[in-house]
Amino acid sequence: MNVTVRGRTRHFRTVTFDSTKNAVQLIEQRLLPHEFKVVSTRDYRATAAAITDMIVRGAGAIGATAAYGLAQGARAFRGNNSAGFARHLAIVFDTLKNARPTAVDPVNAMLQVRAAMKGGRTVAEQQALALAAAEEFAHEDVAHCEAIGAHGAPLIGEGMNILTHCNAGWLAFVDIGTATAPFYAAQAEGRKFNVFCDETRPRCQGSTLTAWELAQQGIAHQILADNAAGWLMQRGEIDLVIVGSDRVLGRTGEVCNKIGTYTKAVLAHRHEIPFYVAIPLSTIDWQLASGAEIPIEERHEGEVLGAWGILDEPVPAGRKRRSSTAEPGAPRRAHIRIANPTSGARNPGFDVTPPELVTGIITPAGIFAPNELWANRGQLGQG
Ligand code: MRU
């Protein structure tokens, strides 16, 4: 998508690869919306750490990052020993897989890369195929988001109010996004509508990332405190809900997404508001038989007990500390404690919404009821 920083507009992808430096390039999402910066990871361990630390986040974006990370790790191997290369690759794969547990896209993306590598005989051939396959995954992610936009746009009528949760926008993918793709397509068709972005505590991906994206794109929006949607639904002020997902079970139609999604789905059902989930094919898990088996990430309690933000005073001129990466004049990011100092917290990152609360899954192949996924698996990239 286009980003305008200090009056200059340029197109960016969330994740790209610099083949000359064997480096993955990532938009540093923890700094947004206050600072726009692209950072590089020079080896697969640093790439995995960028996923864990949420420099890059969102299912499709970490999928592409893992695919590039696997190619990066493969390309760093020296020598022609096939057995040694296979052992090295298994370590790289596991390191990237374990960087975050809930989204299935990194594993699906890396399996795609590994399958493509089977076409090479020598280490060098496999290294070249790995990078080509990672690039292919990234291009496919963009194409899937485009198709989701085309299928989802007709759901958005003139003057509607639409609720979204967390960030399933272009920052959560390589470009365009899933939940936001129908917004961008409807906007391109000339319709006007309003988007409510749930704040999405504790990390606030809605109020920081989705709101920033929509502002960049000139789409009318307002941030909602996480508990406000029910009241607005009761008053008839929300017409439609579209969210993304980190893992949709192909066998059951269960939808795993950012914590708070289930609550919104229950409310939407209570108020007979259509509730859609937009996903690329890499988000479908065809293996698991029940949502109870999805590994739900439990994050640090500090995220709930406090909040990240920027201080009113920027980094002072000429006072750059050696340990700080912030340039003088840049916003100063800080974590502040909010909660009672002697209390602890639980911090599950995701929840699972049962299929009966979901009106439809918007995929690159069209819109399906959740219980239709398995029957249509051929069209959805399986088998
Ligand atoms: O913890 P995050 O920010 O990586 O969570 C992922 C998400 O942003 C959401 O769950 C999103 O709705 C689906 S990912 C496209």
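How far apart do the C-alpha centres of domain 1 and domain 2 lie? In this predicted model, the two centres are 25 Å apart. The domain assignment of the protein chain places domain 1 at residues 2-147, builds domain 2 from two segments, 153-294 and 348-376, and gives domain 3 as 302-337.

A good place to begin is the boundary between domain 1 and domain 2. Domain 1 brings 37 residues to the contact, and domain 2 brings 32 residues. Together the two domains bury an area of about 2800 Å², with carbon and sulfur atoms giving 58% of that area. Polar contacts are part of the picture as well: 18 residue pairs are joined in this way between domain 1 and domain 2, with both partners at pLDDT 80 or more. Salt bridges, by contrast, number zero across the interface of domain 1 and domain 2.

Which elements supply the side of domain 1 that touches domain 2? At least two residues each come from strand S1 (2-5), helix H2 (59-76), helix H4 and helix H5 (123-152). H5 gives the most to this side, contributing eight residues. Sorted by class, the side of domain 1 that touches domain 2 holds 19 nonpolar residues, 10 polar residues and eight charged residues.

The next stop is a single residue, Thr102, which sits in the loop that runs between helix H3 (82-97) and helix H4 (105-117). Is Thr102 buried or exposed? With a relative accessible area of 1%, Thr102 is under the 20% cut-off and therefore counts as buried. Its side chain reaches the backbone nitrogen of Glu297 at 3.0 Å. When neighbours within four places in sequence are left aside, the residues in contact with Thr102 are Asp246, Arg247, Cys256, Ile294, Pro295, Ile296, Glu297 and Phe350.

Glu297 appears again in the salt bridges, so a closer look at this residue is helpful. It is buried, at a relative accessible area of 10%. The side chain of Glu297 meets that of Arg100 in a salt bridge, with 2.8 Å from N to O. Why does this pair tie together parts that are 197 residues apart in sequence? The reason is that Arg100 belongs to the loop between H3 and H4, whereas Glu297 belongs to the loop between strand S13 (284-285) and helix H10 (302-305). Arg100 is buried too, at 8% relative accessibility.

Glu297 has a further partner in Arg299, and the closest N and O atoms of this salt bridge are 2.8 Å apart. Arg299 has a relative accessible area of 16% and is likewise buried. These residues belong to a network of salt bridges that links Arg100, Arg203, Glu297, Arg299 and Glu303.

Across the whole structure, a search finds 12 salt bridges. One of the pairs is formed by Arg30 and Glu28, whose closest N and O atoms are 2.5 Å apart. The two partners fall into separate accessibility classes: Arg30 is partly exposed, with a relative accessible area of 28%, while Glu28 is buried, with a relative accessible area of 7%.

Note on methods: Residues numbered from 1 in each chain as written. Predicted model: local features only at pLDDT ≥ 70, side-chain atom pairs only at ≥ 80, totals over all residues. Heavy atoms only, no water. Helix = DSSP H or I, 4+ residues; strand = E, 2+ residues; numbered from the N terminus. Buried < 20%, exposed > 50% of the residue type's maximum accessible area, 1.4 Å probe, protein only. Polar contact = N/O pair within 3.5 Å; in protein donor to acceptor, adjacent residues only side chain to side chain. Contact = heavy atoms within 4.5 Å. Domains from an automatic or database assignment. Buried area = accessible area lost by both parts, 1.4 Å probe. Salt bridge = Lys/Arg side-chain N within 4 Å of Asp/Glu carboxyl O. Nonpolar A, V, L, I, M, F, W, Y, C, P; charged D, E, K, R; others polar.
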